[in-house]
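This report walks through a single protein chain, taking strand pairing, aromatic contacts and two residue environments in turn. Please keep the sequence and the coordinates at hand while reading.

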Amino acid sequence: MTIPQYPLAPGRVAIHDPAIVEDRGTYYIFGTHRRCARSTDLVHWERFENNLSRDPESVLGGIWEAWPKQPENPDLNGNTWAPDVIWNPVMGKWCMYLSVNGHEFRSVIVLLTADRLDGDWTYVGPVVYSGFDRANVENTDVPRVLGDDSARDLPDRYLSLKDTRINAIDAAPILCEHGEMWMSVGSWFGGIWMFRLDPTTGLRDYTATYPYVKDACDPYYGVKVAGGYWNSGEGSYFVRKNGWWYLFLSYGWLGTTGGYQIRIFRSKHLTGPYVDQNGNPAICAGEIPDNLTKDTGVRLTSSVLWSGGPDRIGSVEVSQGHNSVLHRRSDGRLFLTYHTRFIEREGEDYETHIRELLPTEDGWLVAAPYEYTGTKAADTKYDAKNVAGDYELVRHDPHTFYNGERDADGEFVGINRPETITLQPDGRVTSGGAVSFFDTPEANLPRSTDGPAVRGTWRMLGDCGPAGVRCCDTDMAITLDGVTYTGVFAELPRETDGRMTLTFSAIGGNRTIWAAHLA
C-alpha cells in the first residue's frame, strides 16, 4: 500500500483502514502501517508517533519471525494491517488488535496493550492464526483448540479459499453491554467469522467452543457472520444502536477503480443472522461471481459530483471503504470513518474522511450527504412548508462504480450527476416540465399537460399531519417512482463552497438516496 503523495490540506490525514476511538474528549485514529492521528473536534487532525511507528521490530519482531515472515514476504514494515482499538475495563487497558501478515495468508492477529492512546504499546500475544496447513499447524494455537491430532486430521476446509481458509486480518473487537467481548476476523474468499475473547486477558477465550456447522459455525474460527465462497467483503465493523447490531462491510477492491464501497446489514443479536433491508443474508451460501454488483447489503455511499461550485471531478470520492464507527459518548451520535480515493489523482492517493450516520425511524442508518465539518446533522426541527423546494437527488446504485472508463457522452462511468426533483408544499414529488402520454390504447391520442411530472409523494413523520401544516422533527418519508424511503432532514455545509444547505438521506427498497436543496 503506497503512502499518499498528494499534498494534504491543513488538518487532513491519510490513514488507511481507519479505526476511530475516543478518550476524554480526544479522538484517535489508528490504521494500516501503524499510522495514527488525533483530534479534539473530528475535523482537524494531527499525526503522532509511538513505539510501533518508530521501531516495529522491537515490539513485533518475535511474532513476525515465528509465523508470518517468509522469503516471499520479508519486510515487517509493509505487513502490519488494519488495527482496531478498544477499552477493556476488566484489564484497565487499551487493547489493540493488529494483523501481522505473511505470504499466502499466513497471518496472525496479535494483542497489544497501552495505558494511553497516545503512548507506547506492549506486546501481549497472538489471538488467531490463518494460512496454516498440515505441515505447520503445530506452530499455531490450532492444536489447543481442535485437539492434539489436528495436524494429522486437519479438515480440508482450512485448505480451501472457497471454504474456511481465511486471512487473519481486519480484526474488529466488540464489547457487549453485559461485559462479553468478541472479535470478528477475516476478509474476502473465506468470509467473516467471530469468536469470544477472555476479558481478563484480552486474548481468545479457550473455554468457548463452537460446533462445526457448514456455512454457520467452525470449531476454530467460531460463528460465521458474512461472506464466503470467494465473494468480496472485508473490513467488518459492528456497532449497537436503538436495539440493533449493525454490520458494516466493504465490497470490491480498494484501488481507485476497484469499486470499494460500504454496505450495511443489521441483526437483533451480535452473532446474527445479519440481513439487509430486503432480508438478504450477509452470509453467502455458495459462490456468486462478482457479488460487488449484486443487491445484497445496503450501499451507504457512492461517488457524487454535486453542483454549487466549479467542476470538481478530480476531487470526487471513489473507492470509499474499510470504515469504523465512533459512537460518541457525550451525545450518542454516530460517525462513519473511512478512507477514500479520488478521480484523476496520480497513483493510489487517499485520505481519511468522516460523515455522520443518522438513524431512521424504521431502524436503519444512513450517511449524511456531506462530509462532517463540525455541524451536527439533524439538529433542528423543520416545518414541512419550509423544506419544500427543488433538490438534487442521488441514488446509491449498487451495480455501478467508477472504473476509469467513460460512457458514450464522455462522462466517467459510475459518477453520479444528480437529477432534480421538487418537493411540493402539497406533498407531491414532481420533476421535469410538460408531459405527453396516451389517454388509452383505444383512443391512441396524445395529450399534453403543462407542468411537471408527478413522481410520488412525501411527508414529515412523527406527530405531523399532511405536509406543510405543522412543525415536526427531522424524520421524513418519500415515495419516489413507487419506492418508499424513510429518512432524515439535516442542514449541512456543502462540500463545494461551504454554503449551508438543507439535505436529506433516506433508505427504501434496499437502496439509499441523498438529496440536497438547490439555491
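In which sense do strand β22 and strand β23 pair, and over how many bridges? In this predicted model, strand β22, which covers residues 389–395, and strand β23, which covers residues 419–423, pair in the antiparallel sense over five bridges.

## From β22 to the hairpin of β23 and β24

Within the pairing of β22 and β23, the residue that stands as bridge partner of Gly389 in β23 is Leu423. Leu423 also has a bridge partner in β24, namely Val429, and strand β24 itself, made of residues 428–431, is joined to β23 by two bridges in an antiparallel run.

The strands β23 and β24 form a hairpin with four residues between them, and in this hairpin Gly427 takes a positive phi near 95 degrees.

## The surroundings of Arg455

Arg455 has its place in strand β27, which spans residues 453–460. With a relative accessible area of 18%, Arg455 is buried, because the cut-off for that class is under 20%.

The side chain of Arg455 is joined to the side chain of Ser431 by a polar contact of 2.8 Å. When residues up to four places away in sequence are not counted, Arg455 touches Glu419 and Ile421, Val429, Thr430 and Ser431, and also Arg395, Thr479, Leu480 and Asp481. Among these neighbours, Val429 is the residue already met as the bridge partner of Leu423 in β24.

## The five-stranded sheet

Elsewhere in the chain, an open sheet of five strands follows the order β9-β10-β11-β13-β12, and its pairing is antiparallel. Its edge strands are β9, residues 172–175, and β12, residues 217–218, each of which pairs on one side only.

At the β9 edge, four bridges join this strand to β10, residues 181–185, and the two run antiparallel. In this part of the sheet, Ile174 stands opposite Trp182 in β10.

## Aromatic pairs

How many aromatic pairs does the model contain? The count comes to 21. One of them is formed by Tyr28 and Phe48, whose geometry is edge-to-face, with 6.0 Å centre to centre and 85 degrees between the planes. Tyr28 lies in strand β2 (residues 26–31), whereas Phe48 lies in the loop between β4 (46–47) and α1 (51–54), so the pair ties together parts that are 20 residues apart in sequence. Tyr28 is buried, with a relative accessible area of 6%, and Phe48 likewise counts as buried at 6% relative accessibility.

Trp306 and Tyr370 form another pair, with ring centres 5.5 Å apart and planes at 75 degrees, so this pair too is edge-to-face. Trp306 lies in the loop between β17 (298–299) and β18 (317–327), and Tyr370 lies in the loop between β21 (365–367) and α5 (384–387), so the pair ties together parts that are 64 residues apart in sequence. Both Trp306 and Tyr370 are buried. Ring pairs also link Phe132, Tyr158, Trp193, Tyr220 and Tyr221 into a cluster.

## Thr301 in the loop between β17 and β18

Is Thr301 buried or exposed? Thr301, which lies in the loop between β17 and β18, counts as buried, its relative accessibility being 0%.

The side chain of Thr301 makes a polar contact of 3.2 Å with the side chain of Gln320. Leaving aside residues up to four places away in sequence, the residues touched by Thr301 are Gln320, Arg355, Ala367, His396 and Trp514.

## The chain as a whole

The protein chain contains five helices and 31 strands. Its radius of gyration is 24 Å, close to the 24 Å that the globule rule gives for 519 residues, so the chain is as compact as a globular protein of that length. Along its principal axes, the C-alpha trace spans about 80 × 55 × 45 Å.

Of the 519 residues, 58% count as buried, and the accessible surface of the chain comes to about 20600 Å², with 49% of that area belonging to carbon and sulfur atoms. Among the contacts with a separation of 6 or more, 57% are accounted for by residues 24 or more positions apart.

Methods:
Residues numbered from 1 in each chain as written. Predicted model: local features only at pLDDT ≥ 70, side-chain atom pairs only at ≥ 80, totals over all residues. Heavy atoms only, no water. Buried < 20%, exposed > 50% of the residue type's maximum accessible area, 1.4 Å probe, protein only. Polar contact = N/O pair within 3.5 Å; in protein donor to acceptor, adjacent residues only side chain to side chain. Contact = heavy atoms within 4.5 Å. Pairing = 2+ DSSP bridges. Rg over C-alpha atoms; globule rule 2.2 N^0.38 Å. Areas by Shrake-Rupley, 256 points an atom, 1.4 Å probe, with all protein chains shown as cover. Phe/Tyr/Trp six-rings, centres within 6.5 Å; stacked < 30°, edge-to-face > 60°.
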